[in-house]
Amino acid sequence: MTDSEPDAVGEDEAQSELCDLCGAMIDDGSELYAVVRDSSVVHAHDPKLDGGRMIVACSREHLRDLEEQYRRRPFIEAELWAGKIYRAMEEHPGGMSEEQLVEETGLTPAQIELGVLWQNLGALRWRQRFGQGGGADSSDE
């Protein structure tokens with residue numbers, strides 16, 4: 001199921017939520033929601049929802065704590081751009097030209113280059129940490 005698909009649960013049935021801070025189950029309808037800025041979030045289909053994460057809390061105090069955590073987390077444009085590029089490429093597995101990628105993502109060629117660099121840096125950091133084989137023990141070889 002993607003972010004935009006409705007649940008199979010009926011509208012009248014209460015759904016349990018988990019507090020994003022403490023993990024407490026909230027099944028009495030008292031959960032609190034907010035949307036915070038998060039450059040790691042790219043919606044499955046709707047670019048207008050990129051960069052926003054819905055958070056759930058069991059209390060106003062936990063909601064404030066969560067909002068503060070996300071306020072302190074840097075919003076990195078290149079991270080968001082990398083996600084937009086990935087989404088476009090997933091929708092066009094046969095490949096696409098740079099012009100098509102610009103059109104599909106709404107990014108400039110310079111933003112696309114920075115998004116790709118961000119992704120490549122993440123891959124390099126992963127390789128440095130885990131080595132060629134991918135396992136934690138691979139770096140000892």
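**Entry 1: Ala82**

I began with Ala82, which is buried, with a relative accessible area of 8%. I note at the outset that the model is predicted. I located Ala82 in helix α2, residues 77-91. Which residues does Ala82 contact, leaving aside its neighbours within four places in sequence? I found Gly115, Trp118 and Gln119. I also looked up the separation of Ala82 from Val42: the two are 40 residues apart in sequence, and their C-alpha atoms are 9.3 Å apart in space.

**Entry 2: Overall layout**

I then recorded the elements of the protein, which comprise four helices and four strands. Read from the N terminus, their order is β-β-β-β-α-α-α-α. Of the 141 residues in the protein, 25% are buried. The exposed area is about 10,000 Å², and carbon and sulfur atoms supply 50% of it. I looked up contacts with a sequence separation of 6 or more; residues 24 or more positions apart account for 51% of them.

**Entry 3: Nonpolar cores**

Which residues make up the largest nonpolar core? I listed ten: Cys19, Ile26, Leu32, Ala34, Val36, Ile55, Val56, Ala57, Leu63 and Leu66. Strand β3 (32-37), strand β4 (52-57) and helix α1 (60-72) each supply at least two residues of this core. As background, I note that nonpolar side chains in soluble globular proteins tend to be buried together.

I examined Val36 as one member of the largest core. Setting aside residues up to four places away in sequence, Val36 touches Gly51, Gly52, Arg53, Ile55, Glu67 and Tyr70. A second, separate core has seven residues, among them Ala78, Trp81, Ile85 and Leu107.

**Entry 4: Cysteines**

How many disulfides does the structure contain? I counted zero. I therefore checked the sulfur distances against the cut-off, which requires two cysteine sulfur atoms within 2.5 Å. For Cys19, the closest cysteine sulfur is that of Cys58, and because the two are 3.7 Å apart they are too far for a bond. Cys22 is likewise in no disulfide, its nearest cysteine sulfur being that of Cys19 at 3.8 Å.

Are Cys19 and Cys22 buried or partly exposed? Cys19 counts as buried, at 4% relative accessibility. Cys22 counts as partly exposed, at 43% relative accessibility.

**Entry 5: Aromatic rings**

I searched for aromatic pairs and found one in the structure. The rings belong to Trp126 and Phe130; their centres are 5.3 Å apart and their planes stand at 45°. Why is this pair classed as tilted? The angle of 45° lies neither under 30 degrees, which would be stacked, nor over 60, which would be edge-to-face, so the pair is tilted.

I placed both residues in helix α4, residues 109-130, where Trp126 and Phe130 are four residues apart, about one turn of the helix. Trp126 is partly exposed, with a relative accessible area of 42%.

**Entry 6: Charges over rings**

I finally looked for charged ends placed over rings. The charged end of Arg37 sits over the ring of Phe75, at 3.8 Å from the ring centre. The charged end of Arg125 sits over the ring of Trp118, at 5.5 Å from the ring centre. I had already met Trp118 as a contact of Ala82.

Note on methods. Residues numbered from 1 in each chain as written. Predicted model: local features only at pLDDT ≥ 70, side-chain atom pairs only at ≥ 80, totals over all residues. Heavy atoms only, no water. Core = buried A, V, L, I, M, F, W, Y, C linked by side-chain atoms within 4.5 Å. Buried < 20%, exposed > 50% of the residue type's maximum accessible area, 1.4 Å probe, protein only. Contact = heavy atoms within 4.5 Å. Phe/Tyr/Trp six-rings, centres within 6.5 Å; stacked < 30°, edge-to-face > 60°. Lys NZ or Arg CZ within 6 Å of the ring centre and 35° of its normal. Areas by Shrake-Rupley, 256 points an atom, 1.4 Å probe, with all protein chains shown as cover.
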